[in-house]
Amino acid sequence: RKFHEIRCVITNLGVFDFQTPDNRMRIKSLHPGVTVEEVIENTGFELVIPDEVPTTRLPTDEELKLIRTVLDPSGWAAKEVPA
């Protein structure tokens with residue numbers, strides 16, 4: 001913990017943070033089409049679930065281009081986490 005600070009976790013289901021009084025993982029947003037129930041079924045521990053869970057915004061065309069051509073030109077993310 002001394003040299004690490006995780007502020008946000010992004011998965012194939014949603015975006016999670018630790019912005020709770022006790023620093024537990026909280027759902028920040030869920031990707032389009034993902035339900036809270038799906039996240040609970042795929043998580044091995046209790047999450048903080050806000051009353052209102054927003055939907056993660058879709059990436060812009062420019063962001064998609066950056067992801068596909070600069071960050072992941074070989075498409076490893078799609079191979080690791082299929083659609």
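**Close-ups of a predicted model**

In strand β3, L30 is the bridge partner of G14.

**View 1. A three-stranded open sheet in a predicted model.** The G14–L30 bridge is a good place to start looking at how β2 and β3 go together. β2 covers residues 14-17, and its pairing with β3 is antiparallel, running over 4 bridges. Zoom out a little and you get an open sheet of 3 strands in the order β1-β2-β3, paired antiparallel. β1 (8-10) and β3 (26-30) are the edge strands: each has a single partner, so one side of each has no neighbour in the sheet. On average, neighbouring strands here are turned by 25° against each other, ignoring direction. As for what holds such strands together, strands of a sheet pair through backbone hydrogen bonds.

**View 2. S29 and its polar contact with T56.** Staying in strand β3, we come to S29. This serine counts as buried because its relative accessibility is just 8%, with the cut-off for buried at under 20%. Its side chain makes a polar contact with the side chain of T56, at 2.6 Å.

**View 3. The salt bridge between R26 and D17.** Here the closest N and O atoms are 2.6 Å apart. The two partners differ in how much they show: D17 is buried at 4% relative accessibility, while R26 is partly exposed at 24%. This pair belongs to a wider set, as the whole structure has 5 salt bridges.

**View 4. D22, R24 and E46 in a salt-bridge network.** Salt bridges link these three residues together. Within the network, the side chains of D22 and R24 meet at 3.0 Å, N to O. Both of them fall in the partly exposed class: D22 has a relative accessible area of 49%, and R24 has 33%.

**View 5. E5 and R7, a salt bridge between exposed residues.** The closest N and O atoms of E5 and R7 are 3.1 Å apart. E5 is exposed, with a relative accessible area of 60%, and R7 is exposed too, at 58%.

**View 6. A nonpolar patch on the surface.** Over to the greasy side of things: L66, I67, V70 and L71 make up this patch, and together they have about 380 Å² of accessible area. One of them, L71, sits in helix α2, which spans residues 61-71. L71 counts as exposed because its relative accessibility is 62%, where exposed means over 50%.

Notes: Residues are numbered from 1 along each chain as its sequence is written. This is a predicted model: local features need pLDDT of at least 70, side-chain atom pairs count only at pLDDT 80 or more; totals for chains, interfaces and linings use all residues. Side-chain values use heavy atoms; hydrogens and water are left out. Patches are made of residues with over 30% relative accessible area and no salt bridge: like charges are joined within 9 Å, nonpolar side chains (Val, Leu, Ile, Met, Phe, Trp, Tyr) within 5 Å. Accessible areas come from the Shrake-Rupley method with a 1.4 Å probe; for residues, only the protein chains shown count as cover. A salt bridge is a side-chain nitrogen of Lys or Arg within 4 Å of a carboxyl oxygen of Asp or Glu. Helices (H or I, at least four residues) and strands (E, at least two) are DSSP runs, numbered from the N terminus. Buried means under 20% relative accessible area, exposed over 50%, partly exposed in between (1.4 Å probe, protein chains only). Two strands pair if DSSP finds at least two bridges between them. Axes are lines fitted to C-alpha atoms, for helices over the stretch in contact, and angles run from 0 to 180 degrees between N-to-C directions. A polar contact is a pair of N or O atoms within 3.5 Å; within protein, one must be able to donate a hydrogen and the other to accept it, and residues adjacent in sequence count only if both atoms are side-chain atoms.
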